[in-house]
Amino acid sequence: MRTLPVANVPVTPPPWREALLWMLLLGAMFIHGYSWTNQWAASQAQTHTLHGRWDDAIPFWAWTIWPYLALNLLYPLTFFICPTRSALRRHAVAIALVQAGCMLAFVCWPTGNIRHLPQPDGASGLLFAQLRAFEAPFNMAPSLHAAVLVLVWQAWRQVLRTEAAALRWLWHGACGLILLSTVTTWQHDLLDVLAGLLLGALAGWIARSVCRPRRPVG
């Protein structure tokens, strides 16, 4: 039986240089935009809140600051796991939409945390102190943390879809823990998180619609 030669298919390397550019641009957008909107909310005579009675039943778990801050590491890394240029641009557009949408909401409807935030001891306390040095108790709704998590979860889910089921479920569990930490650190209330999840899903859908790969003609 004659074996036909396999055609040499060129392998496109991951777009790391463009990934670095997107990470720097959107990272700068987040740092400067979030800081400015925090200052804007702090300058207002009154801020709004979506805090409800159900939020009073949520405990404060200091140790969940670790998964909460883990998203700050996953956020920049996610740009580099996009296998193609089109996937990278979809992710970048979605992140830009989420950040712009949250910051617009922060300016038009400034929100603040009405709870007294505990200051725990130990290593977790040091992390809380560093977090609060950057994040004033404002910019609650929609939760930018939850919105970004939706997009990070989706990007890694696509990469892990061919991996073992145990690894995929480990990723889902890790993202679930990060999501839980948004309320158990008292950084957000439940309705803040729900609004963030909806915004993240909407941004992802818009990015997929706008950045669809072009089909070859003919």
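Reader: Which residues are linked in a network of salt bridges?

Author: This is a predicted model, in which local features need pLDDT of at least 70 and side-chain atom pairs count only at pLDDT 80 or more, while totals for chains, interfaces and linings use all residues. Residues are numbered from 1 along each chain as its sequence is written, and side-chain values use heavy atoms, with hydrogens and water left out. With a salt bridge taken as a side-chain nitrogen of Lys or Arg within 4 Å of a carboxyl oxygen of Asp or Glu, the residues linked in the network are Glu18, Arg85 and Arg89.

Reader: How many residues apart in sequence are the parts that Arg85 and Glu18 tie together?

Author: The side chains of Arg85 and Glu18 meet in a salt bridge at 2.5 Å, N to O. Arg85 lies in helix H3 and Glu18 in helix H1, where helices are DSSP runs of H or I with at least four residues, strands are E runs of at least two, and both are numbered from the N terminus. The pair therefore ties together parts whose separation in sequence, in residues, is 67.

Reader: Does Glu18 count as buried or exposed?

Author: Glu18 also meets Arg89 in a salt bridge at 2.7 Å, N to O, a pair linking helix H1 with helix H3 across 71 residues. Buried means under 20% relative accessible area, exposed over 50% and partly exposed in between, with a 1.4 Å probe and protein chains only. Arg85, at 41%, and Arg89, at 40%, are partly exposed, whereas Glu18, at 13% relative accessibility, counts as buried.

Reader: Which residue forms a salt bridge with Asp189?

Author: Asp189 lies in the loop between H6 and H7, and its partner is 74 residues away, in the loop between H3 and helix H4 (122-134). Asp189 is buried at 1% relative accessibility, and the partner is buried at 13%. The closest N and O atoms are 2.9 Å apart, and the partner is Arg115.

Reader: Which element gives the largest share of the largest nonpolar core?

Author: A nonpolar core is a set of buried Ala, Val, Leu, Ile, Met, Phe, Trp, Tyr and Cys residues joined through side-chain atoms within 4.5 Å. The largest one has 32 residues, and those with the most contacts inside it include Leu71, Phe79 and Trp171. The elements giving two or more residues to this core include helix H1 (16-42), helix H3 (85-108) and helix H7 (190-210), and the largest share, 9 residues, comes from H3.

Reader: Within what arc do the buried residues of H7 fall?

Author: The buried residues of H7, among them Val193, Leu199 and Ala203, pack against H3, H5 and H6, while the face turned away from the buried side carries the exposed Leu198 and Trp205. The arc is that of the directions from the helix axis to the C-beta atoms. The buried residues line one face of the helix, because, seen down its axis, they fall within an arc of 135°.

Reader: What is the separation of the C-alpha atoms of Asn38 and Thr111?

Author: Asn38 lies in helix H1 and is buried, with a relative accessible area of 5%. Leaving aside neighbours within four places in sequence, Asn38 is in contact (heavy atoms within 4.5 Å) with residues including Phe134, Phe138 and Asn139. Asn38 and Thr111 are 73 residues apart along the chain, and their C-alpha atoms are separated by 9.5 Å.
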